[in-house]
Amino acid sequence: MSEVHPKISTKSPPHPIKVRTVDVAVIGGGIVGKACALGLAQLGLNTIEIAPDLGQTVPSPEGDQWGQRVYAFSLSTQKLLAYLQIWDALDHSRIQVLRDMRIYGDRGEKNDQLHLSAFEAGTPQLAWIGESNLVEHILDQASRFQNKLERLTDVVEKIDTDHEGVTLNLKNGDVIQAQLVIAADGANSPIRSELGISTSEESYSQSAVVANWTCTYPHLETAFQWFLPGGDIIAMLPLPNKQVSMVWSTSPENASVLLKLDQNGWSDLLSTVANAAIGKQLGELTLNSAPAAFPLRKIRASRFIGPESSPKIALIGDAAHVMHPLAGQGLNLGLRDVAVLLNILGKRESFRSVSDPVLLRRYERQRQGDTTALLWVTDKLKRLFSASSNPERQLRNWGLGLVNRSHFMKQRLIERALGDIDFE
């Protein structure tokens, strides 16, 4: 009688489904998402952060080259990072204090400019300039030692809500059950789309070309911004060691041309734009990074929290709003979302859960005013300085000079840019 051998399967066993139950799930791995996840864990909430790129710590920047993603950190951002115990841990040799800002109109006339001064406003600084990966590296380091925070390298494929909370189905088959979900998953937010939250979105038909330069003249802790005929905007942000970071907002066609320039091409171009004022202010510029470009648009979500059928979700950062970089406030606006959310959840009444609709509506009300005002002002400035008719050019250049002569108006502009917020 022949032996009967058992069949041996060559297939791998199915992935065992893991179900995790947490207080809050943060979806997104940028600065805003990482800061929010860390802050929630510091409040004592069991938190999980989910993003496809959380597997490795962002390397600490070092050397003479600065990263391409450079931000102006407002006072509100500095206070949030200090509250998270991050600010003092940053390498401050790579952070440049900004004490002055000079904005020039497109006629090249002396009176067509606006000068904002920290000294005149009675504040130590207007902002700080630093790299994205400088902050992300320290956030990653701090998150590793926070026992209330778990980080998952994965993608959310499906989201369901009911009266008990939110269920997230991950790509690897695991399941997360959370009382509250924070969508920090960027301008094209899949969570926002799946929830059916509409947006008002408009392309500026422009791209931002970014690059870093060394300069022969000291920048004197000053940011410069030139509005050019035709709607282009060039900003030069100061960096340590006589370096500057350029953001040139221009047409996609011109952006393609700029990306192909070598050092000689850039030198010839910068010697002619803005009436050669860039060289007069900063001297000879030497390219210190590979230029990159990204499209510019305005986005505003119709809601900053989930719809009535899915109320246990809050949108923060680019998932809620995207703005033109001419005011340098995009990241600061997103981190103010985080600050307000942490304040509300940290001060919530003892009988309220973290997903209580009352708390979420508080968050939405507090953020909509700040967001609407800043998006509106930035959009109107962009359109005003893109206009090409002579009356409009005269109006905008006259307006720069008018504001420059008004201490009250300049004080209000600086206060708005600082975006102060208190933590108790």
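Begin the tour at T214, whose opposite number in strand β16 is T286. The model on display is predicted. T214 falls within strand β12 (residues 199-215), and β12 runs antiparallel to β16 (residues 285-287), the two being joined by three bridges.

**Strand β12 and its other partners**

Keep β12 selected and add strand β17 (residues 292-301). These two strands pair in the antiparallel sense over ten bridges. A convenient position for locating this pairing is V210, which stands opposite A292 in β17.

Next, add strand β15 (residues 243-250), which is antiparallel to β12 and joined to it by eight bridges. Here A208 has S249 of β15 as its bridge partner. When side chains are displayed on these strands, a general point is useful: in a regular strand they alternate between the two faces of the sheet.

**Cysteines**

Select C215, within the residue range of β12. C215 is buried, with a relative accessible area of 6%. Then select C36, which is also buried, at a relative accessible area of 0%. How many disulfides does the structure hold? The count is zero.

**Helix α4 and what covers it**

Move to helix α4 (residues 132-144), which has 13 residues. From its first C-alpha to its last, α4 reaches 19 Å, close to the 18 Å expected at 1.5 Å a residue. Which residues of α4 are buried? They are S132, L134, V135, E136, H137, I138, L139, D140 and S143. To see what covers them, display the surrounding elements, including α1, β3 (70-73), α2 (75-83), β7 (127-131) and β8 (149-153).

**Salt bridges**

The whole structure contains 18 salt bridges. Begin with E131 and R94, whose closest N and O atoms are 2.9 Å apart. E131 lies in strand β7 and R94 in the loop between α2 and β4 (96-98), so this salt bridge ties together parts that are 37 residues apart in sequence. Are its two ends buried or exposed? E131 counts as buried at 0% relative accessibility, and R94 counts as buried at 4%.

Select R352 and D356 next. Their side chains meet in a salt bridge of 3.2 Å, N to O, and each of the two residues is buried.

Continue to helix α10 (residues 357-386), where D370 and R367 are three residues apart and therefore separated by about one helical turn. They form a salt bridge with closest N and O atoms 3.0 Å apart, and both are buried. Elsewhere, salt bridges that share partners join K34, E49, R69, E136, D140 and R151 into one network. Two of its members, E136 and D140, are among the buried residues of α4.

**Confidence along the chain**

To finish, color the model by pLDDT. What is the mean for the protein? The value is 86, with 84% of the residues reaching 70 or more. Select helix α1 (residues 31-42), where confidence is highest, at a mean of 98. Then select helix α11 (residues 390-404), where it is lowest, at 57.

The last selection is residues 1-13. Over this segment pLDDT stays under 50, and the model has zero contacts for these residues beyond four places in sequence.

How values were computed: Residues are numbered from 1 along each chain as its sequence is written. This is a predicted model: local features need pLDDT of at least 70, side-chain atom pairs count only at pLDDT 80 or more; totals for chains, interfaces and linings use all residues. Side-chain values use heavy atoms; hydrogens and water are left out. Two strands pair if DSSP finds at least two bridges between them. Helices (H or I, at least four residues) and strands (E, at least two) are DSSP runs, numbered from the N terminus. pLDDT is the predictor's confidence in each residue, from 0 to 100. Contact means heavy atoms within 4.5 Å. A disulfide is a pair of cysteine sulfur atoms within 2.5 Å. Buried means under 20% relative accessible area, exposed over 50%, partly exposed in between (1.4 Å probe, protein chains only). The expected span of a helix is 1.5 Å times one less than its number of residues. A salt bridge is a side-chain nitrogen of Lys or Arg within 4 Å of a carboxyl oxygen of Asp or Glu.
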